[in-house]
Amino acid sequence: MVTLDPRRLRNVNTRTVYSFEEVYNFGKSNVWMSYRDSCRFVDRVWLEEVPDRLPPVVVPHEKWVDKMASGAYYFHDHQISVRPAVRSRGVLLHELTHAMGYLEHNPGFLAQLFTLLMKYCGCELGQLVMAAGFAGIVVR
Ligand SMILES: [Zn+2]
């Protein structure tokens with residue numbers, strides 16, 4: 001599979017990563033999932049990518065809703081929570097990338113996210129690079 005060397009990425013930060021995620025909408029990345037399907041998806045990806053570690057637990061978002069009213073989160077106790085309205089492969093892969101050890105929105109994070117989006121959502125690298133460009137991320 002084609003991957004992207006993170007050293008080729010410039011201007012990757014929280015703002016541009018979130019902007020990228022507003023722009024891209026390819027393959028299966030944005031298809032809504034049930035809570036049950038999201039748990040299965042997380043387990044499947046984790047078993048494939050990180051077979052030697054236990055997968056993160058997907059907790060129902062309601063558990064966290066009193067603290068954080070929206071969005072998706074990876075918690076350092078290895079739990080993922082995604083607001084039901086935005087539950088999709090793309091959002092889960094973002095949180096899985098954090099769970100894999102890429103805690104900050106930096107070039108390594110984005111390169112790993114691209115790899116997962118290609119593998120599990122059918123995205124093409126050229127599409128992702130184009131969407132990243134719209135978000136202000138430079139690929140050299
Ligand atoms: Zn994040």
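## Strands and helices around α3

Visitor: Starting with the sheet, which residue of β4 is the bridge partner of valine 59?

Guide: In this predicted model, valine 59 has serine 81 of β4 as its bridge partner. Another bridge partner in β4 is glutamine 79, which is matched with valine 57.

Visitor: How many bridges join β2 to β4, and how do the two strands run?

Guide: There are three bridges between β2 and β4, the latter covering residues 79-82, and the two strands run parallel.

Visitor: And β3 with β4, how many bridges there, and parallel or antiparallel?

Guide: β3 and β4 are joined by four bridges and run antiparallel. Within that pairing, alanine 72 stands opposite valine 82 of β4, while tyrosine 74 has isoleucine 80 of β4 as its bridge partner.

Visitor: What is the strand order in the sheet, then?

Guide: The order is β2-β4-β3, in an open sheet formed by three strands with mixed pairing. β2 and β3, the latter spanning 72-75, are the edge strands, each of them pairing on one side only. On average, and with direction ignored, neighbouring strands of this sheet are turned by 20° against each other.

Visitor: Which residue takes a positive phi in the hairpin of β3 and β4?

Guide: That is histidine 78, with a positive phi near 65°, in a hairpin that has three residues between the strands. A positive phi also turns up at glycine 101, which follows α3 and has a value near 115°.

Visitor: Since you mention α3, where does it lie relative to the strands?

Guide: Helix α3, residues 89-99, lies across β3 and β4, and runs at about 20° to β3.

Visitor: Is α3 buried or exposed?

Guide: Eleven of the eleven residues of α3 are buried, so the helix is largely enclosed by the rest of the structure. The buried residues run from Arg89, Gly90 and Val91 through Leu92, Leu93, His94, Glu95 and Leu96 to Thr97, His98 and Ala99.

Visitor: What covers those buried residues of α3?

Guide: The cover includes two helices, α2 and α4 (107-121), together with the strands β3 and β4.

Visitor: Let's take α4; how do the axes of α3 and α4 cross?

Guide: The axes of α3 and α4 come within 9 Å of each other and cross at roughly 140°. Angles over 145 degrees would count as roughly antiparallel, and α3 and α4 are therefore classed as oblique to each other. Their crossing is right-handed.

Visitor: Which residues meet in that α3 and α4 contact?

Guide: From α3 come Arg89, Gly90, Leu93, His94, Leu96 and Thr97, and these meet Phe109, Gln112, Leu113, Leu116, Leu117, Tyr120 and Cys121 of α4. By class, the residues of this contact divide into eight nonpolar, four polar and one charged.

Visitor: Same thing for α2 and α3: what are the distance and the angle?

Guide: Here the axes of α2 and α3 come within 11 Å and cross at roughly 50°, which makes α2 oblique to α3. The crossing of α2 and α3 is right-handed. On the α2 side the contact is made by Ser38, Phe41, Val42, Val45 and Trp46, and on the α3 side by Arg89, Leu92 and Leu96. The residues of the contact between α2 and α3 divide into six nonpolar, one polar and one charged.

Visitor: Changing topic to single residues, where is arginine 44, and is it buried or exposed?

Guide: Arginine 44 is placed in helix α2, and with 12 C-beta neighbours inside 10 Å it counts as exposed.

Visitor: How far is arginine 44 from glycine 136 in space?

Guide: From C-alpha to C-alpha, arginine 44 and glycine 136 are 32 Å apart, and in sequence they are 92 residues apart.

Visitor: And valine 50, where does that one lie?

Guide: Valine 50 is in the loop between α2 (35-49) and β2 (57-59).

Visitor: Why is valine 50 called partly exposed?

Guide: Because 15 other C-beta atoms lie within 10 Å of valine 50, and that count falls between the limits, where 20 or more would make a residue buried and 12 or fewer would make it exposed.

Visitor: Last one: how many Å separate the C-alpha atoms of valine 50 and leucine 92?

Guide: The C-alpha atoms of valine 50 and leucine 92 are separated by 15 Å, the two residues being 42 apart along the chain. Leucine 92 is one of the α3 residues in the contact with α2.

Terms used:
Residues numbered from 1 in each chain as written. Predicted model: local features only at pLDDT ≥ 70, side-chain atom pairs only at ≥ 80, totals over all residues. Pairing = 2+ DSSP bridges. Axes fitted to C-alpha atoms, helices over the stretch in contact; angles between N-to-C directions. Contact = placed C-beta atoms within 7 Å. Parallel < 35°, antiparallel > 145°, perpendicular 65-115°, else oblique. Left-handed = near helix turned anticlockwise from the far one by under 90°. Nonpolar A, V, L, I, M, F, W, Y, C, P; charged D, E, K, R; others polar.
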